[in-house]
Amino acid sequence: MKRIKKIYRENRILFILLVIVIVCVISMGVVLFNYFYSGVNTTKYGDRLDGIEKVEISTARISEMTMKLKENKLISEADISVSGKIVYTSIKFNSNASLVEAQSVALAYLDEYSEAELGFYDFHFYLEQDKSENSEGFKIEGAHNKGGTNLVWNNNNVVSEEENEETEK
């Protein structure tokens, strides 16, 4: 015991510094653990989906709406998926559909949703038609924000090769 006291008295500063280092390492470990592992058991959306149970769109309703879209003679393929608070609708049109008709189909389809769903979800539309002998084809995207009143379409201007050559000169 006398030997331990003698070592302590001779190296008192080193012992105090060792205790300080140990306390700092433990506190850093606790902080790092909380930083990296505190949100592991939560969903990827956090609390952004609170209240979705009240206006949830069921898979049965999604498949019913998909079948309703496919019944339209202008549509060859349709797909609807829900991810969080966004409803994605992809529609492929036949060659005899015009861009205006395609946009009106999407707008009419938006009326299928209730006011509560329109106020909670964002809706994204992807309309596509392959180029054929009868039409030039198109690819256009539209969106309806949960706070918006109508669909907003992207610019569907196709840049031809002739226009590119003129701008390069």
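## Salt bridges, sheet and aromatic pairs in a predicted model

With a side-chain nitrogen of Lys or Arg required to lie within 4 Å of a carboxyl oxygen of Asp or Glu, the count comes to 3 salt bridges. The structure described here is a predicted model, and every statement below should be read with that in mind. As background to these contacts, side chains of opposite charge can pair when their charged atoms come close.

### The salt bridges

The table lists each salt bridge with the distance between its nitrogen and oxygen atoms.

| Residues | N to O distance |
|---|---|
| R61 and E117 | 2.4 Å |
| K68 and E112 | 2.8 Å |
| D130 and K92 | 3.1 Å |

In the salt bridge between R61 and E117, the closest N and O atoms are 2.4 Å apart. This pair links distant parts of the chain, since R61 belongs to helix 3 (residues 59-70) and E117 to helix 5 (residues 115-120), with the two positions 56 residues apart in the count along the chain. Is E117 buried or exposed? With a relative accessibility of 7%, E117 counts as buried, because buried means under 20% relative accessible area. R61, for its part, has a relative accessible area of 24% and is therefore partly exposed.

Helix 3 also supplies K68, which forms a salt bridge with E112. E112 lies in the loop between helix 4 (99-110) and helix 5, so that this pair, too, links distant parts of the chain, 44 residues apart. Both ends of this contact are partly exposed, K68 with a relative accessible area of 45% and E112 with one of 35%.

The remaining salt bridge joins D130 to K92. Because D130 is in the loop between strand 3 and strand 4 (138-144) while K92 is in strand 2, the pair ties together parts that are 38 residues apart in sequence. D130 is partly exposed at 41% relative accessible area, and K92 is partly exposed at 22%.

### The sheet

The strand that carries K92 is part of an open sheet, in which 5 strands follow the order 1-2-3-4-5 with mixed pairing. Which strands lie at the edges? They are strand 1 and strand 5 (152-153), each of which pairs on one side only.

Strand 1 (residues 75-83) and strand 2 (residues 86-93) are antiparallel and are paired over 8 bridges; within this pairing, S81 has Y88 in strand 2 as its bridge partner. The two strands make a hairpin with 2 residues between them, and G84, in the turn, has a positive phi of about 70°.

On the other pairing of strand 2, the sense changes: strand 2 and strand 3 (residues 122-129) run parallel and are joined by 8 bridges. One position where this can be followed in the model is T89, which stands opposite F125 in strand 3.

### Aromatic rings

F125 also appears among the aromatic residues, where Y109, Y113, F123 and F125 form one cluster. In total, the structure holds 8 aromatic pairs. One of them is formed by Y8 and F15, whose ring centres are 5.7 Å apart and whose planes stand at 35°, so the pair is tilted. Another tilted pair is that of F33 and Y37, with 5.3 Å from centre to centre and 35° between the planes. Being 4 residues apart in helix 2 (residues 12-37), F33 and Y37 are separated by about one helical turn, and both of them are exposed.

A contact of another kind involves F120, as the charged end of K85 sits over the ring of this residue, 4.7 Å from its centre.

### A nonpolar patch on the surface

Y8 and F15 return in a nonpolar patch on the surface, which they form with I7, L18, I22, I26 and V30, and which has about 640 Å² of accessible area together. Helix 1 (2-10) and helix 2 are the elements that give two or more residues to the patch. Which element gives the largest share? That is helix 2, from which 5 residues come, and F15 lies in this helix. Y8 counts as partly exposed at 41% relative accessibility, and F15 likewise counts as partly exposed, at 34%.

Definitions and conventions
Residues are numbered from 1 along each chain as its sequence is written. This is a predicted model: local features need pLDDT of at least 70, side-chain atom pairs count only at pLDDT 80 or more; totals for chains, interfaces and linings use all residues. Side-chain values use heavy atoms; hydrogens and water are left out. Rings of Phe, Tyr and Trp (its six-membered ring) pair if their centres lie within 6.5 Å; planes under 30 degrees apart count as stacked, over 60 as edge-to-face and the rest as tilted. Buried means under 20% relative accessible area, exposed over 50%, partly exposed in between (1.4 Å probe, protein chains only). A charge sits over a ring if NZ of Lys or CZ of Arg is within 6 Å of the ring centre and within 35 degrees of the ring normal. Patches are made of residues with over 30% relative accessible area and no salt bridge: like charges are joined within 9 Å, nonpolar side chains (Val, Leu, Ile, Met, Phe, Trp, Tyr) within 5 Å. Accessible areas come from the Shrake-Rupley method with a 1.4 Å probe; for residues, only the protein chains shown count as cover. Two strands pair if DSSP finds at least two bridges between them.
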